Amino acid sequence: MALEDIRIVLVNTSHSGNIGSVARAMKTMGLSKLYLVDPACEVDSHASALAAGATDVLGNSVTVSKLEEAIADCSLTIGTSARSRTLSWPMVEPRECAQKLVDGSESGPVALVFGRENSGLTNEELQLCNYHVCIPANPEYSSLNLAMAVQTLTYETRMAFLDKQDKPVEEDDTVYPSSQQMELFYEHLESTLKETGFIIKQHPGMVMTKLKRLFNRARPENQELNILRGILTSINKSTGNK
């Protein structure tokens with residue numbers, strides 16, 4: 001079942017009640033995988049009370065210290081953002097976001113990431129995502145709390161899932177690299193570009209950030225990533241850095 005591979009990731013949540021409310025929002029839409037990244041609170045009785053019957057989602061939640069850990073095995077990660085603050089990133093609307101999550105989850109884990117209640121996700125965290133999604137709320141009053149945002153996007157996800165059940169199944173054997181594999185590629189790319197002098201170690205600028213944006217937008221398949229890694233390895237050999 002596709003919904004089982006769609007995880008909701010909360011980063012550095014401040015209030016336990018919000019975690020409970022998110023669990024409730026998830027369960028009403030059939031989602032059960034909750035990841036907590038460095039929560040600033042305990043999952044306590046207040047969280048259980050606001051979960052209102054979704055204590056199983058709370059009890060099975062996974063707590064990790066960094067976002068990279070929560071999405072390491074995910075082939076698709078979408079981060080929630082009101083705006084891209086330093087560099088524009090590929091944006092999707094809520095319904096497109098939901099469709100991508102449902103499609104991607106058929107081949108393995110995918111993630112929808114929510115940031116802090118008061119400040120959202122950092123630029124560095126957003127750059128770990130393939131896409132950003134923004135809920136087009138009333139511009140004159142766009143005050144959505146965390147659980148509301150989760151409810152809105154999980155509702156769209158459920159609708160996309162149900163819609164897909166009514167359509168003929170189309171076989172798609174495309175395999176995409178995990179977030180961890182992409183990060184290893186970026187490390188390899190950066191070290192190679194430094195070896196060749198394309199990136200100056202003392203003044204790296206925004207080169208890697210823009211390259212990450214390019215590859216996240218292109219979303220290479222596993223075989224394509226292997227080709228890219230092979231190209232980098234051949235450059236390493238020709239420069240004497242094996």
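Here a colleague and a modeller talk over the cavities and one helix pair of this predicted model.

Colleague: Let's start with the empty space. How many cavities of 30 Å³ or more are there?

Modeller: The count is two. The largest cavity holds about 160 Å³ of space.

Colleague: What makes that a cavity and not a pocket?

Modeller: A cavity is a set of points where a 1.4 Å probe fits but cannot get out, whereas a pocket is open. Its lining has 18 residues, and Asn130, Ser178, Ser179, Met182 and Asn216 are the closest to the centre of the largest cavity.

Colleague: Why do you say that the largest cavity lies between domain 1 and domain 2?

Modeller: Both domain 1 (6-164) and domain 2 (179-240) give residues to its lining, so the largest cavity lies between them.

Colleague: Happy with that. Which elements each supply at least two residues of the lining?

Modeller: Those are β4 (76-80), α8 (179-195) and α9 (207-218). Helix α8 gives the largest share, four residues.

Colleague: And what is the lining of the largest cavity like by class?

Modeller: Nine of its residues are nonpolar, seven are polar and two are charged.

Colleague: Now the helices. At what angle do α5 and α7 pack?

Modeller: Helix α5 (residues 94-104) and helix α7 (residues 146-165) pack at about 55°, and their axes are 8 Å apart.

Colleague: Why is α5 called oblique to α7?

Modeller: Roughly parallel needs an angle under 35 degrees, and roughly perpendicular runs from 65 to 115. The angle of about 55° fits neither class, so α5 is oblique to α7.

Colleague: Is the crossing of α5 and α7 left-handed or right-handed?

Modeller: The α5 and α7 crossing is right-handed.

How values were computed
Residues numbered from 1 in each chain as written. Predicted model: local features only at pLDDT ≥ 70, side-chain atom pairs only at ≥ 80, totals over all residues. Heavy atoms only, no water. 1 Å grid on protein atoms, 1.4 Å probe; cavity = no way out; pocket = protein on both sides within 12 Å on 5 of 7 lines; lining within 4 Å. Points joined across faces, edges and corners; volume = space filled by probe spheres on them. Nonpolar A, V, L, I, M, F, W, Y, C, P; charged D, E, K, R; others polar. Domains from an automatic or database assignment. Axes fitted to C-alpha atoms, helices over the stretch in contact; angles between N-to-C directions. Parallel < 35°, antiparallel > 145°, perpendicular 65-115°, else oblique. Left-handed = near helix turned anticlockwise from the far one by under 90°.
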